[in-house]
Every structure is written in C-alpha cells, then in structure tokens.
Amino acid sequence: MTWLSGTRIATLGLLAAALVGLWKALELDSWGFDGPGPGFFPQLMAGICVALALVVLAFPGRAGETEGGDTDDVEATKESNRTFAIYIATFAVFALGATYAGFVVTTIAVTVVIMRFAERRPWFASIGYGIACAAVGLVCFGWLLRVDLPEGPIERTFYTYVR
C-alpha cells in the first residue's frame, strides 16, 4: 500500500475543507455577554472535523473488502453507477419539489426514491422513513427552531395549529 492511497487523498480533501470551515468559523464571535455567540457551534464542529480528518489521515485503517478486493482497486459497476445517478436525480427533484410542493411532500418523495430505488429497501420501510424524516424536520426545524422551510399546504396547516 502506498502512502498516498485513495483513502488518504479523499481524507486530504476533507481535511482541506474542514480547515477552510474552521478558518471562516474563527472569524465569528465565539462568546458574547449573554452566552455562546454565533461562531461557537461552527468552531466546535469544524474543530472536530479537523481532528477526525487528522486521525483518519494518520491511521486510515484497513480498506473494506468487497467481492472485487480492496476498495481502492474496485472499478465502478453498472449498479454503483445506477445508484449514483439516482442520488444525482434526487437533487433536482429536491430543488424543484421544494419550490412547488413544500418541504414535507418533497422530503417524503426524495427519501422514498432514494430508499426504494437506490438502497433497495422495502416500500413500507421507505415510506415510513420518509414520513419520519419529514415529521422530524418540520417539527424540529420549522416549528422549534423557526427555520423558514419551503411552504406548501401541509406546512401552512401545521403552522396554524402550533404557532
């Protein structure tokens, strides 16, 4: 195994991204007179990402074994290309769906497509997971944290009952 394997190259890229994130987060105030400032959480998360990237860079561990051998040597297959294409297609669905259908419908649709067709999970599990993701996102982000989520009829109805 050479020192600059695929795992280490990917880790170097992630380390670079984490360092840029940490650099930008350090420009924010980490503490104010009334408690943690806007930079506290980003600095903490970026610092953890840098530390984890350094650990993985120093000790990458064994590469996973597949039917084709070491993961650094495995060629792309039709199945992996198909899965990747489904993930890419869901980005477009998510962007367009959020604009026209709202957060809940789009989250359920994207989650079901990914779980059912890319990850090959059963329909029941895919739909259940999609509904759970949408509910948690709507309650935690839309209601509790007051994040402006894309609104559709479901979100408007929900907000009339909880706000």
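This report covers the fold, two helices and the side-chain contacts of a predicted model.

## Overall fold

The protein has six helices and four strands. Along the sequence they run α-β-β-α-β-β-α-α-α-α. The pattern thus closes with four helices in a row, α-α-α-α.

Of the 163 residues, 26% count as buried. The accessible surface comes to about 11,200 Å². Carbon and sulfur atoms supply 71% of that surface. Among contacts with a separation of 6 or more, 45% join residues 24 or more positions apart.

## Helix α3

Helix α3 covers residues 78-100. Its 23 residues should span 33 Å at 1.5 Å a residue. The end C-alpha atoms are 33 Å apart, which agrees with that expectation.

The buried residues of α3 are T83, I86, T90, G97 and A98. They pack against α4 (103-118). An α-helix has 3.6 residues a turn, so residues three or four places apart point the same way. F91 also belongs to α3. Its relative accessibility is 57%, so F91 counts as exposed, the cut-off for exposed being over 50%. The C-alpha atom of F91 is 8.3 Å from that of V110, a residue 19 positions away along the chain. Just after α3 comes G102, with a positive phi of about 95°.

## Helix α4

Helix α4 has 16 residues. From first C-alpha to last it reaches 21 Å, close to the 22 Å expected at 1.5 Å a residue.

Its buried residues are F103, V104, T106, T107, V110, T111, V112, I114, M115 and A118. Their cover includes α3, α5 (123-144) and α6 (153-162). V110, paired above with F91 by C-alpha distance, is one of these buried residues. After α4 comes R120, whose phi is positive, near 55°.

## Aromatic pairs

The structure holds three aromatic pairs. One of them joins W31 and F40: the ring centres are 5.8 Å apart and the planes lie at 80°, so the pair is edge-to-face. W31 has 55% relative accessibility and counts as exposed. F40, at 36%, counts as partly exposed.

Another pair brings together F117 and W123. Here the ring centres are 5.7 Å apart and the planes stand at 85°, so this pair is edge-to-face too. F117 has a relative accessible area of 37%, which makes it partly exposed. W123 is partly exposed as well, at 43%. F117 falls within the range of α4 (103-118), and W123 is where α5 (123-144) begins.

## Charged contacts

Which residue forms a salt bridge with E27? The partner is K24, and the closest N and O atoms are 3.2 Å apart. The count for the structure comes to one salt bridge.

K24 also has an aromatic neighbour. Its charged end sits over the ring of W23, 4.9 Å from the ring centre. K24 thus takes part in a salt bridge with E27 and in a charge-over-ring contact with W23. Is K24 buried, partly exposed or exposed? At 42% relative accessibility, K24 counts as partly exposed.

How values were computed
Residues numbered from 1 in each chain as written. Predicted model: local features only at pLDDT ≥ 70, side-chain atom pairs only at ≥ 80, totals over all residues. Heavy atoms only, no water. Phe/Tyr/Trp six-rings, centres within 6.5 Å; stacked < 30°, edge-to-face > 60°. Buried < 20%, exposed > 50% of the residue type's maximum accessible area, 1.4 Å probe, protein only. Lys NZ or Arg CZ within 6 Å of the ring centre and 35° of its normal. Helix = DSSP H or I, 4+ residues; strand = E, 2+ residues; numbered from the N terminus. Contact = heavy atoms within 4.5 Å. Areas by Shrake-Rupley, 256 points an atom, 1.4 Å probe, with all protein chains shown as cover. Salt bridge = Lys/Arg side-chain N within 4 Å of Asp/Glu carboxyl O. Expected span 1.5 Å × (residues − 1).
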